[in-house]
Amino acid sequence: DVIPNLMSNFDIDEIQAEMSWKPGHAQRIFYDDSYWPSLPTIPKLCVVLGNTILLDWLQAQVEFGGLALEFEALDCLGLLRELNLLVRELGDVSVEAEKAVEDEKVDKAEARRICKELRDVLNKGIAILNGLEAIK
């Protein structure tokens, strides 16, 4: 469900045109869990979608020990723990952003630190989504 979630605000035909994909190709990528974009097309797809969620998801999979398409379902206690960790990660973003805006400008190093913390938030959010979507 990672790929369909990426395009929630996009029209599939527009994505297909931007990617120069043949008719039906985007349909397979976004709606067939066993069909993924090729590695060389992932950077362009991220640009077309205007985000790096797919790259962040791939990074999270590596950090969790490899690409896993089957996820462990979250129970109530696990959900609360994971949400607590998500809020902590968001706090880290806030701390970096607060430091960055003290002088009313954000420099390149500050932006990188904020982006790193935001990626941590995204990765934690994706992990929670995976755990919730695994509930059957």
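Trainee: Is E96 buried or exposed, and what makes it count that way?

Mentor: E96 has a relative accessible area of 15%. Buried means under 20%, exposed means over 50%, and partly exposed is in between, using a 1.4 Å probe and protein chains only. So E96 counts as buried. By the way, this is a predicted model, where local features need pLDDT of at least 70, side-chain atom pairs count only at pLDDT 80 or more, and totals for chains, interfaces and linings use all residues. Side-chain values use heavy atoms, with hydrogens and water left out, and residues are numbered from 1 along each chain as its sequence is written.

Trainee: Where is E96, and what is it in contact with?

Mentor: E96 is in helix α6, residues 76-100. Leaving aside neighbours within four places in sequence, E96 is in contact with R113, I114 and E117. Contact here means heavy atoms within 4.5 Å. Helices are DSSP runs of H or I with at least four residues, strands are E runs of at least two, and both are numbered from the N terminus.

Trainee: What about Q16, why is that one called buried?

Mentor: Q16 comes out at 13% relative accessibility, so it lands in the buried class. Q16 sits in helix α2. Not counting residues up to four places away, Q16 touches W21, K22, P23, G24, H25, A26 and Q27.

Trainee: And what makes I135 partly exposed?

Mentor: Its relative accessible area is 47%, so I135 goes into the partly exposed class. I135 is in the segment after α7 (108-133). Beyond its neighbours within four places in sequence, I135 is in contact with A73 and L74. The C-alpha atoms of I135 and L74 are 7.1 Å apart, although the two residues are 61 apart in sequence.

Trainee: Now the helix pairs. Why is α2 called oblique to α4?

Mentor: Two packed helices are described by the angle between their axes and the distance between the axes. Helix α2 (residues 12-19) and helix α4 (residues 42-49) have axes that come within 10 Å and cross at roughly 135°. That crossing makes α2 oblique to α4. For the cut-offs, angles under 35 degrees are roughly parallel, over 145 roughly antiparallel, 65 to 115 roughly perpendicular, and the rest oblique. The axes are lines fitted to C-alpha atoms over the stretch in contact, with angles from 0 to 180 degrees between N-to-C directions.

Trainee: Which residues make that contact?

Mentor: I15, E18 and M19 of α2 meet K44, L45, V48 and L49 of α4. By class, that contact has five nonpolar, no polar and two charged residues. Ala, Val, Leu, Ile, Met, Phe, Trp, Tyr, Cys and Pro count as nonpolar, Asp, Glu, Lys and Arg as charged, and the others, Gly among them, as polar.

Trainee: How do you know that α4 and α5 are oblique to each other?

Mentor: α4 and helix α5 (residues 53-63) pack at about 130°, with axes 8 Å apart. The pair is therefore oblique. I42, L45 and C46 of α4 and L54, L55 and L58 of α5 make the contact. Its residues divide into six nonpolar, no polar and no charged.

Trainee: How many helices and strands does the protein have?

Mentor: The protein has seven helices and zero strands. Of its 136 residues, 29% count as buried.
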